[in-house]
Amino acid sequence: MADTPRIDNRKARQYYEFLEFFEAGIVLTGPEVKSLRAGQVSFGDSFVECREGEAFVVGMRIAPYDRGGYVLQEPDRDKKLLLHHREIHMLATRIEQKGLTVVPVKIYFKHGKVKLEIALARGRKLHDQREELKRRAESRDMERELARR
């Protein structure tokens, strides 16, 4: 299955500084998985929320599968994440204490299962974002110059 996509949340890299990464399974319906295989997912302003000992990704939109049949699919529903209890507890305490957030970074298939990479992140200030963009542009320019020579 080489045609299965890996979809990145590029906007998160711009707005957040990642501290720690986790791999989580995600509970989806059949048409949602088919829609993911077609690459129809939008992260938007999604984040991970811990409530009642469970973790959910909020704000991630998986477009309805066009041949999904008669079953209605809610594209914006909160999707449950499959993490170990100690991981959920650790994420919940870090979010409460330090003012951090958990954001989805990428979604991909691993051994036929849908996996979501999430990251414990700290928001960047506007000047940090600008510096990061400048640094990336400079490194791209340097790479181009080296490639020409």
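Mentor: Strands, in the sense used here, are DSSP runs of E with at least two residues, numbered from the N terminus. Leu-82 has its place in such a run, strand β7, which covers residues 79-82. Please keep in mind throughout that this is a predicted model.

Trainee: How many helices and strands does the protein have?

Mentor: There are four helices and nine strands. Read from the N terminus, the elements follow the order β-α-β-α-β-β-β-β-β-α-β-β-α. The C-alpha trace spans about 55 × 40 × 25 Å along its principal axes.

Trainee: How should I read a sheet, and what order do the strands of the open sheet have?

Mentor: The general idea is that strands of a sheet pair through backbone hydrogen bonds, either parallel or antiparallel. In this structure, seven strands form an open sheet in the order β1-β8-β9-β2-β7-β5-β4, and their pairing is antiparallel. At the edges stand β1 and β4 (47-51), each of which pairs on one side only.

Trainee: Which strands are joined to β8, and by how many bridges?

Mentor: Strand β1 (residues 7-8) is joined to β8 by two bridges, and the two run antiparallel. In this pairing, Ile-7 stands opposite Ile-107. Nine bridges connect β8 with strand β9 (residues 113-123), again antiparallel. Here Phe-109 of β8 faces Val-114 in β9.

Trainee: What do β8 and β9 form together, and what is the phi of His-111?

Mentor: The two strands form a hairpin with two residues between them. His-111, in the turn, has a positive phi of about 55°.

Trainee: Is strand β8 mostly covered or mostly uncovered?

Mentor: To judge this, one needs a cut-off: a residue is buried under 20% relative accessible area, exposed over 50%, and partly exposed in between. Eight of the 10 residues of β8 (residues 101-110) are buried, and the strand is mostly covered. For the protein as a whole, buried residues make up 32% of the 149 residues.

Trainee: Let us return to Leu-82. Is Leu-82 buried, partly exposed or exposed?

Mentor: Leu-82 is partly exposed, because its relative accessible area is 48%, and the partly exposed class lies between 20% and 50%. Beyond residues up to four places away in sequence, Leu-82 touches Ala-24, Gly-25, Ile-26 and Val-27.

Trainee: How far apart are Leu-82 and Leu-116 in sequence and in space?

Mentor: They are 34 residues apart in sequence, and their C-alpha atoms are 9.5 Å apart in space. Over the whole protein, among contacts between residues at least 6 apart in sequence, 68% join residues at least 24 apart.

Trainee: What does the pairing of β5 and β7 look like, and how many bridges join them?

Mentor: Three bridges join these two strands, which run antiparallel. Phe-56 has Lys-80 in β7 as its bridge partner.

Trainee: I should also like to read the salt bridges. How many does the count come to?

Mentor: A salt bridge is recognised when a side-chain nitrogen of Lys or Arg lies within 4 Å of a carboxyl oxygen of Asp or Glu. The count comes to 10. One of the pairs is Glu-23 with Lys-110, at 3.4 Å from N to O. This pair links distant parts of the chain: Glu-23 belongs to strand β2 (residues 16-26) and Lys-110 to strand β8, 87 residues apart.

Trainee: Which residue forms a salt bridge with Lys-80?

Mentor: The partner of Lys-80 is Glu-54, and the closest N and O atoms are 3.0 Å apart. Lys-80 lies in strand β7 and Glu-54 in strand β5 (residues 54-58), so the salt bridge ties together parts 26 residues apart in sequence. Lys-80 is partly exposed, with a relative accessible area of 30%, and Glu-54 is likewise partly exposed, at 31%.

Trainee: Where do Asp-141 and Arg-144 lie?

Mentor: Both are in helix α4 (residues 126-148), three residues apart, or about one turn of the helix. They form a salt bridge whose closest N and O atoms are 3.3 Å apart. Asp-141 is partly exposed at 41% relative accessible area, and Arg-144 is partly exposed at 47%. Elsewhere, salt bridges that share partners join Glu-49, Arg-51 and Asp-78 into one network.

Trainee: Finally, how many positive and negative side chains does the protein have?

Mentor: There are 30 positive and 24 negative side chains, and the centres of the two sets lie 3 Å apart. The accessible surface comes to about 10000 Å², with 49% of it belonging to carbon and sulfur atoms.

Terms used:
Residues numbered from 1 in each chain as written. Predicted model: local features only at pLDDT ≥ 70, side-chain atom pairs only at ≥ 80, totals over all residues. Heavy atoms only, no water. Buried < 20%, exposed > 50% of the residue type's maximum accessible area, 1.4 Å probe, protein only. Pairing = 2+ DSSP bridges. Contact = heavy atoms within 4.5 Å. Areas by Shrake-Rupley, 256 points an atom, 1.4 Å probe, with all protein chains shown as cover. Lys, Arg positive; Asp, Glu negative; His and termini not counted. Charge placed at Lys NZ, Arg CZ, Asp CG, Glu CD.
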